[in-house]
Amino acid sequence: MDRASLFVADKEDGDTFSFDKSLPAFPLPKLRDTMERYYASLLPFGTPEELAQTRTIIEEFEKGIGSKLQETLEKRAGTMKNWMGSWWEDYGYHLLRMPLLPYQIMAMPCQLNLVDIPQTSDYMLKSLARQIYHSLEFWDLTRKETMKPLSSNGGKIKYSSELCKFFYSTSRVPGLEQDHIDKHFLTKSEGNTPTHMLIGAKGRQFAINCVHDDDTLLTAPEILVVLQRLRSILDYEADGDGVSALTHDDRTTWAQNRNHLMEISEANKDTLRLVESSNIVICWDEHTPGSTEESSQLSIYGDYQSRWADRSSCIVAFKNGHYVYTGEHSCYDGTLSASFATFMQISFFEVPEPDWSEAEHAKVTEIKELKFQLDDTLKSEIKRVLKEVEERGVDVTVTFTVFDDYGKEFMKSMKLHPDSFVQVLLQWTYYQMHQEIAPTYETALMRHYYNGRTETLRSCTSAVHEFLKASSDKSTTDVQLMKAFRAAVNEHRHLMDEARKGHGIDRHLFGLWCAAYENKLDIPAFFDDPMYAKSGGGGNFVLSTSTLGFTANVGFVAPMTFDGYGVFYAITSDAIYINTTAYRDSIKTSARKFNIIFKESFRRVRSLLEQLKTVSNL
């Protein structure tokens with residue numbers, strides 16, 4: 001399929017957001033049903049005594065405060081099409097005080113090698129011009145509401161496009177106690193949206209208008225001229241003040257410094273608005289990574305003095321032609337990042353090389369440097385932050401690897417769902433490494449509901465637990481092991497389907513917590529039960545995982561726990577692309593060792609499935 005058929009809406013599709021209002025309401029489960037599903041999810045983790053104690057806690061919660069909190073949710077659901085409202089952003093993300101980089105940002109390497117685009121210093125200015133131009137095309141489709149609405153099953157299942165409005169011209173603004181999202185983006189039907197892009201480089205920020213007077217986009221050759229001029233400025237002039245460094249502090253301190261920045265002058269307020277509202281953001285990073293793994297690692301560290309951390313999306317452009325797309329997770333989810341990355345790759349592959357000779361006659365586009373007025377206090381704060389991030393070093397390890405022995409076609413030939421197949425194997429990998437099971441989070445997509453985002457699938461099910469135990473039992477035959485594997489894969493698939501129908505666990509529990517918090521009630525003892533945290537609740541999932549779909553585009557975030565892993569993957573017909581993350585200072589985990597055993601597990605399962613298919617028709 002070509003780019004237009006995948007991304008450009010036709011008359012039958014309607015406009016980008018036409019289906020959003022007609023999507024079904026976000027489901028609110030019955031309290032009894034969620035409690036039963038929750039208890040079932042605990043079975044692999046608790047002793048009989050622990051489970052008995054938890055059963056008592058659940059019953060007391062149901063009969064007491066839980067039922068009152070459920071009534072609160074039911075009242076919300078009666079007046080709101082999505083009862084979650086902004087709770088997920090407000091309390092799931094915006095109360096966190098840790099720096100966004102490297103702990104909260106999503107990142108997705110742009111693998112231009114897959115579409116035969118040179119990743120070299122010589123071609124870098126041209127590839128960056130094309131990156132900017134195609135990103136502007138994506139922006140233009142969104143603002144004109146001509147982006148094809150996301151759907152599946154031949155268009156029968158429609159998905160919310162609302163998160164697309166937060167991809168551009170949006171920032172997560174720091175607060176003293178809680179952050180908030182500030183969206184400047186507007187569609188054409190809503191009004192005028194910012195048309196300038198922001199390029200941060202060598203501690204400086206530059207704004208360039210991206211459209212002509214007739215509202216057409218700058219061409220790639222015109223953008224190339226801008227980049228050539230800007231490169232000369234960067235090469236021959238001194239570095240800037242590095243105000244962006246302030247955005248890499250803890251959120252409360254950055255909020256204090258941001259307030260102080262605005263108090264200095266009205267001009268600073270205007271400059272800040274230009275920085276926070278630009279349509280696209282480029283961080284022109286002077287590093288020269290030699291591989292996709294190196295660029296992945298640098299994307300959550302790199303040039304702190306030039307990169308404005310709060311922006312919802314950013315293209316990190318390295319000096320030698322490697323790129324990574326990063327996103328602020330409270331604004332949108334990884335599926336949108338994957339969609340954008342796919343659009344960009346197809347654009348590079350399908351759209352012919354621009355006629356760069358047109359640059360010789362390009363009209364000069366203004367490059368406006370955005371400067372802040374700083375006092376000694378803020379200058380000192382910039383130095384402090386840069387010193388602290390340098391001393392902290394690279395404390396989140398990021399790896400990238402490709403398993404190319406087989407992909408989804410083999411899995412499907414064995415009548416096993418590819419995502420469920422991978423989920424069971426990644427838990428087997430952890431089990432082999434650490435001789436224990438891990439509470440496992442997998443993202444379940446909920447965008448087929450009104451303003452839906454995600455649900456948690458607790459992937460360490462009883463069937464997975466049985467498979468893991470069987471794998472370490474020397475008396476288990478190969479046939480028994482593969483039967484247990486199939487049972488684990490199939491149960492995972494069933495629970496994923498149930499979660500996507502609104503029969504999940506954790507968003508409902510989160511909503512009950514929010515209802516208590518917002519009404520200034522004591523947080524129920526239910527959430528203090530050791531089994532809640534032991535099974536992953538409250539942000540304690542040891543394996544934080546997600547599939548990014550069925551292209552080669554994969555991304556990552558930091559692990560949820562200090563001794564945990566982030567395991568993120570994309571599955572193509574003949575390969576699996578994997579980003580694994582772990583904390584440097586954990587004496588328990590190793591992302592690289594995890595990848596080695598992960599691949600070995602794929603090979604062993606294939607060998608067993610093929611062998612047993614011929615001898616026992618398993």
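# Briefing on a predicted structure

Apart from residues up to four places away in sequence, G327 touches I105, M106, S312, S313 and Y332. The model described here is predicted. The points below start from G327 and then cover a six-stranded sheet, the helices that pack on it, the salt bridges and the cysteines.

**Around G327**

- G327 is part of strand β10, which covers residues 323-328.
- The relative accessibility of G327 is 2%, so this residue counts as buried.
- One of the residues that G327 touches is S312. The two are 15 residues apart in sequence, and their C-alpha atoms are 5.3 Å apart in space.

**The sheet**

- An open sheet is formed by 6 strands, in the order β12-β17-β16-β15-β13-β14, and the pairing is mixed.
- The edges are taken by β12 (396-403) and β14 (454-458). Each has a single partner strand, so one side of each has no neighbour in the sheet.
- From one strand to the next, the twist averages 20°.
- In a regular strand, side chains alternate between the two faces of the sheet.

**Strand β15 and its partners**

- Strand β15 covers residues 543-547, and 4 of its 5 residues are buried, so the strand is largely enclosed by the rest of the structure.
- Strand β13 (residues 440-445) pairs with β15 in the parallel sense, over 3 bridges.
- Strand β16 (residues 565-571) also pairs with β15 in the parallel sense, over 5 bridges.
- L543 in β15 stands opposite T440, and L543 also stands opposite Y565 in β16.

**Helices on the sheet**

- Helix α17 packs on the sheet and touches β13 and β14. The direction of α17 makes about 50° with that of β13.
- Helix α18 (residues 506-518) packs on the sheet too, touching β13 and β14. The direction of α18 makes about 115° with that of β14.

**Helix α17 in detail**

- Helix α17 covers residues 478-500.
- The 23 residues of α17 should span 33 Å at 1.5 Å a residue, and the C-alpha atoms at its ends are 33 Å apart, so the two values agree.
- The buried residues of α17 include L481, M482, F485, V489 and M496. Also among them are R486 and H492.
- After α17 comes G502, which has a positive phi, near 100°.
- Within α17, the side chains of R493 and D497 meet in a salt bridge, 3.0 Å from N to O.
- R493 and D497 are 4 residues apart in the helix, which means that about one helical turn separates them.
- R493 has 23% relative accessibility and therefore counts as partly exposed. D497, at 32% relative accessibility, also counts as partly exposed.

**Other salt bridges**

- Side chains of opposite charge can pair when their charged atoms come close.
- Searching the whole structure gives 40 salt bridges.
- R172 and D179 meet through their side chains in a salt bridge of 2.8 Å, N to O. Both R172 and D179 are buried.
- R172 and D179 also belong to a network of linked salt bridges, together with R97, R251, D310 and E328.
- A salt bridge also joins E276 and R258, with their closest N and O atoms 3.0 Å apart.
- E276 is in helix α10 (residues 266-277) and R258 is in helix α9 (residues 251-264), so this pair ties together parts that are 18 residues apart in sequence.
- E276 counts as buried because its relative accessibility is 4%. R258 also counts as buried, at 10% relative accessibility.

**Cysteines**

- A search of the whole structure finds 0 disulfides.
- C283 is in no disulfide, and the nearest cysteine sulfur, belonging to C314, lies 5.6 Å away. A disulfide would need the two sulfur atoms to be within 2.5 Å.
- C283 has a relative accessible area of 1% and is therefore buried.
- C460 also counts as buried, with 3% relative accessibility.

Methods: Residues are numbered from 1 along each chain as its sequence is written. This is a predicted model: local features need pLDDT of at least 70, side-chain atom pairs count only at pLDDT 80 or more; totals for chains, interfaces and linings use all residues. Side-chain values use heavy atoms; hydrogens and water are left out. Buried means under 20% relative accessible area, exposed over 50%, partly exposed in between (1.4 Å probe, protein chains only). Helices (H or I, at least four residues) and strands (E, at least two) are DSSP runs, numbered from the N terminus. Two strands pair if DSSP finds at least two bridges between them. A salt bridge is a side-chain nitrogen of Lys or Arg within 4 Å of a carboxyl oxygen of Asp or Glu. The expected span of a helix is 1.5 Å times one less than its number of residues. Axes are lines fitted to C-alpha atoms, for helices over the stretch in contact, and angles run from 0 to 180 degrees between N-to-C directions. Contact means heavy atoms within 4.5 Å.
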